[in-house]
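Reader: Hello! I am new to this structure and would love a close look at a single part of it, the nonpolar core. Could you walk me through what belongs there and what surrounds it?

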Amino acid sequence: MADDRDLLRGNIPTLILAVVSEGPLHGLAIAREINQRSNKALELKQGTLYPALHALERDGWICGEWEILEGERPRKIYTLTPDGTAELERRMRAWDQFTAAMERVTRSKRHEQTA
């Protein structure tokens, strides 16, 4: 559904910041975690994930460092920066305000009477 993709696209940075706030992860692990936590409702493909990670890194909200383990491909591990923590908190406050406003409008008594 197009509307679902639009909702996801606008919230990808928040999802990534939230997952990385709990500990360092590489890109595919971040995508996997979002998918699992959402009961497979939110799936980030590589073409969506990596541009978002690069933008968050460019903005200074996450920091990526290459990890090289013997016998494995190098992978970039992302951690949340102090600015990223502040940004996540700001986004969560905005999300709480938005969802509360949506609830007030969509769950109004008038709406319930017509349903």
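Author: Happily! A residue is called buried here when its relative accessible area is under 20%. This is a predicted model, and buried residues make up 26% of the 115 residues in the protein chain.

Let us start with the layout. The protein chain has five helices and three strands, and from the N terminus on these run α-β-α-α-β-β-α-α. Among contacts between residues at least 6 apart in sequence, 46% join residues at least 24 apart.

Now to the part you asked about. The largest nonpolar core has 19 residues. Those with the most contacts inside this core are Ile16, Leu17, Ile30, Leu44, Leu49, Leu53 and Ile62. Helix 1 (2-20), helix 2, helix 3 (46-58) and strand 3 (75-80) each supply at least two residues of the core. Helix 1 gives the largest share, six residues. As a general background, nonpolar side chains in soluble globular proteins tend to be buried together.

Two residues help to show how this part is put together. Take Leu17 first: leaving aside its neighbours within four places in sequence, Leu17 is in contact with Leu56, Trp61, Ile62, Leu80, Gly84, Glu87, Leu88 and Arg91. Then look at Val20, which is found in helix 1. Val20 counts as buried because its relative accessibility is 3%, which is under the 20% cut-off. With its neighbours within four places in sequence again left out, Val20 is in contact with Ile30, Ile62, Tyr78, Thr79 and Leu80. You can also find Glu33 from here: Val20 and Glu33 are 13 residues apart in sequence, and their C-alpha atoms are 9.7 Å apart in space.

Ile30 leads us on to helix 2, which covers residues 27-37. Gly27, Ala29, Ile30, Ala31 and Ile34 are buried in this helix. An α-helix has 3.6 residues a turn, so residues three or four places apart point the same way. After helix 2 comes Asn39, whose phi is positive, near 55°.

Finally, a look at the outside for contrast. The protein chain exposes about 8,300 Å², and carbon and sulfur atoms supply 53% of that area. On the surface, Met92, Trp95, Phe98 and Met102 form a nonpolar patch with about 380 Å² of accessible area together. Phe98 is found in helix 4 (residues 82-106), and Phe98 counts as partly exposed because its relative accessible area is 47%, a value between the 20% and 50% cut-offs.

Terms used: Residues are numbered from 1 along each chain as its sequence is written. This is a predicted model: local features need pLDDT of at least 70, side-chain atom pairs count only at pLDDT 80 or more; totals for chains, interfaces and linings use all residues. Side-chain values use heavy atoms; hydrogens and water are left out. Buried means under 20% relative accessible area, exposed over 50%, partly exposed in between (1.4 Å probe, protein chains only). Helices (H or I, at least four residues) and strands (E, at least two) are DSSP runs, numbered from the N terminus. Contact means heavy atoms within 4.5 Å. Accessible areas come from the Shrake-Rupley method with a 1.4 Å probe; for residues, only the protein chains shown count as cover. A nonpolar core is a set of buried Ala, Val, Leu, Ile, Met, Phe, Trp, Tyr and Cys residues joined through side-chain atoms within 4.5 Å. Patches are made of residues with over 30% relative accessible area and no salt bridge: like charges are joined within 9 Å, nonpolar side chains (Val, Leu, Ile, Met, Phe, Trp, Tyr) within 5 Å. A salt bridge is a side-chain nitrogen of Lys or Arg within 4 Å of a carboxyl oxygen of Asp or Glu.
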